[in-house]
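Trainee: Please take a close look at the contact between the two chains in this model, and then place it in the rest of the structure.

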Amino acid sequence: MGEELKLLGVWGSPYSRRVEIALKLKGVKYEYSEEDIFHNKSASLLKYNPVHKKVPVLVHNGKPIVESQVILEYIDETWKDNPILPRDPYERAMARFWAKFVDEKCAPALWKSLMGAGPEREKAHEEAHELLNTLEGELKGKKFFGGESVGFVDIMANFVGYWVGVLEEAVGVDVLTEDKFPVLCKWAEEFRNCPVIKENLPPRDRMVAYFRDQRETITTFYKNKA
Amino acid sequence: MADQVTLLDFWPSMFGMRCRVALAEKGVEYEYKDEDLWNKSELLLRMNPVHKKIPILVHNGKPVCESLVIVEYIDETWSHKAPLLPSDPYGRARARFWADFIDKKFYNLGQKVAMTKGEEQEAAKKEFIQSLKLLESELGDEPFFGGKKFGFLDISFIGFYCRFYTYEMCGNFSIEAVCPKLVAWGKRCMEKESVSKSLPDPQKLYGFVLEVKKAMGIE
């Protein structure tokens with residue numbers, strides 16, 4: 001069957017990498033197209049995501065799906081091998097709740113506490129600590145948020161699992177420390193060492209250099225978007 | 001074993017309304033508990049320690065939080081009747097996308113339209129109307145966002161429709177003048193018992209918002 005699957009993404013974006021993890025976990029083949037998100041968005045991107053004009057965009061047989069959490073659910077429902085979400089409705093609700101928590105609360109606070117400036121950064125730093133504490137509590141006793149293997153919440157938490165460490169190195173600030181968050185740090189290490197995930201992480205040196213150099217551009221870009 | 005279902009809610013909440021409508025669509029019997037948000041109950045704090053917010057669905061003692069998560073949970077648990085999400089993955093992805101859009105845009109913009117004045121309010125009104133038009137275009141010529149049948153996306157937005165009167169009165173504009181199809185959609189939804197019995201009177205809601213503004217010292 002002529003199935004067309006294309007992913008519009010950005011190499012350093014945790015959001016588009018989430019989609020790649022999900023597709024690779026399911027063994028699904030796709031064509032990848034790199035977007036120049038800061039300077040020159042492609043005609044395809046603008047056509048397929050006119051509302052937000054962002055990546056990732058998954059285009060399946062010409063039909064676009066956008067927003068990483070929505071895309072992950074679509075992938076799970078379309079390719080049924082190696083399920084990402086649990087089957088039980090209550091477990092699924094818990095997964096969706098924690099995915100939203102990680103994405104809408106943790107990631108922005110962590111980003112601001114690392115890439116922000118002045119009093120806003122201080123406030124974000126405190127907030128990030130509280131949120132990481134909550135996350136640590138949710139993880140206790142489990143290898144992954146998904147249980148014995150990587151699942152929906154783990155994938156959505158990729159920012160915490162890898163990007164936080166990279167940003168910490170780039171800006172010389174520590175947030176996710178082992179003394180304060182031993183369970184989360186262990187999880188992050190397990191996450192990064194998972195075969196599919198390990199192969200799919202953007203190269204660390206390149207990322208550190210990128211965030212260091214681009215800090216100015218990114219900070220202004222996100223300031224204007226907020 | 002009889003199901004024990006409780007909804008911790010706050011009557012003016014558009015997020016709570018989503019859960020009420022979803023439960024009504026499925027014909028689920030439940031206990032409704034109205035919370036005083038300025039004096040949250042021990043039950044609320046215990047059931048949602050992370051966010052300390054309503055709505056919370058408690059099913060046989062186990063809490064589910066976040067309104068859209070609750071609606072999907074309701075759809076999957078009482079799956080024998082009135083499916084809320086479409087069955088095809090693409091249709092489901094579209095519904096989830098637009099529900100996420102509604103969450104990202106309308107609550108904050110609506111708050112600004114209702115609670116601010118002058119330039120800030122005008123800017124909010126402009127973006128609010130733009131967002132409404134975008135949503136209206138998704139409706140197209142179908143009776144509901146779900147197509148021929150009332151569903152997940154209709155449920156996601158109906159609580160905001162209930163606030164249209166408040167936004168119009170506070171912002172001094174007519175939503176029907178800019179988005180007639182959306183208003184017609186709202187009226188059509190209100191003809192359904194699951195909706196009309198779950199939503200408060202728009203005028204009562206406006207009165208409540210005025211009281212809040214007064215208490216906060218906003219003219």
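Mentor: B:Glu72 and A:Arg96 form a salt bridge, with their closest N and O atoms 3.3 Å apart. The model is a predicted one, and that applies to each value below. The pair belongs to a network of salt bridges with shared partners, which joins A:Glu73, A:Glu77, A:Arg92 and A:Arg96 with B:Glu72, B:Glu76, B:Arg92 and B:Arg96. Between chain A and chain B the count is nine salt bridges; over all chains, the whole structure has 33.

The contact itself draws 24 residues from chain A and 24 residues from chain B. About 2,300 Å² is buried between the two chains, and carbon and sulfur atoms give 68% of that area.

Two of the network's glutamates, A:Glu73 and A:Glu77, are among the buried residues of α3(A). This helix covers residues 68-78 of chain A, and nine of its eleven residues are buried, so the rest of the structure largely encloses it. Besides the two glutamates, the buried residues of α3(A) are A:Ser68, A:Val70, A:Ile71, A:Leu72, A:Tyr74, A:Ile75 and A:Asp76. Buried here means a relative accessible area under 20%.

The annotations help to place these residues. In chain A, an unreviewed UniProt entry gives "domain: GST N-terminal" at residues 3-83. That stretch is 36% helix and 21% strand, with its end C-alpha atoms 21 Å apart. The annotation "domain: GST C-terminal", again from an unreviewed UniProt entry, covers residues 88-211 of chain A. Over those residues the chain is 76% helix and 0% strand, and the end C-alpha atoms lie 40 Å apart. For chain B, UniProt places "domain: GST N-terminal" at residues 3-82, also in an unreviewed entry. Helix makes up 38% of this stretch and strand 21%, and 18 Å separates the end C-alpha atoms.

Next, the sheet of chain B. Four strands make an open sheet with mixed pairing, in the order β2-β1-β3-β4. The edges are taken by β2 (31-34) and β4 (62-65) of chain B; each has a single partner strand, so one side of each has no neighbour in the sheet. Neighbouring strands are turned by 20° against each other on average, direction ignored. At the β4 edge, β3(B) (residues 56-59) pairs with β4(B) in the antiparallel sense over four bridges, and B:His59 stands opposite B:Lys62 in β4(B). Helix α1 of chain B (residues 14-26) lies across β1 (5-9), β2 and β3 of that chain, and runs at about 155° to β1(B).

Chain B also has salt bridges within the chain. B:Arg46 and B:Glu42 meet through their side chains at 2.8 Å, N to O. Both are in helix α2 (residues 42-47) of chain B, and because they are four residues apart, about one helical turn separates them. In an α-helix there are 3.6 residues a turn, so residues three or four places apart point the same way. B:Glu42 has a relative accessible area of 52% and therefore counts as exposed, the cut-off being over 50%.

A second salt bridge joins the side chains of B:Lys105 and B:Glu127 at 3.3 Å, N to O. This pair links distant parts of the chain, with B:Lys105 in helix α4 (residues 89-115) and B:Glu127 in helix α5 (residues 118-139) of chain B, 22 residues apart. B:Lys105 is partly exposed at 24% relative accessible area, and B:Glu127 is also partly exposed, at 33%.

A further salt bridge is formed by B:Glu142 and B:Lys148, whose closest N and O atoms are 2.7 Å apart. Here B:Glu142 is partly exposed, with a relative accessible area of 34%, whereas B:Lys148 is exposed, at 62%.

Back in chain A, A:Ser44 is found in helix α2 (residues 43-48). Its relative accessibility of 28% makes A:Ser44 partly exposed. The C-alpha atom of A:Ser44 is 9.7 Å from that of A:Val57, a residue 13 places away along the chain.

Conventions:
Residues numbered from 1 in each chain as written. Chains lettered and ligands numbered in written order. Predicted model: local features only at pLDDT ≥ 70, side-chain atom pairs only at ≥ 80, totals over all residues. Heavy atoms only, no water. Pairing = 2+ DSSP bridges. Axes fitted to C-alpha atoms, helices over the stretch in contact; angles between N-to-C directions. Contact = heavy atoms within 4.5 Å. UniProt positions renumbered as here; feature names shortened; annotations may be inferred. Buried < 20%, exposed > 50% of the residue type's maximum accessible area, 1.4 Å probe, protein only. Buried area = accessible area lost by both parts, 1.4 Å probe. Salt bridge = Lys/Arg side-chain N within 4 Å of Asp/Glu carboxyl O.
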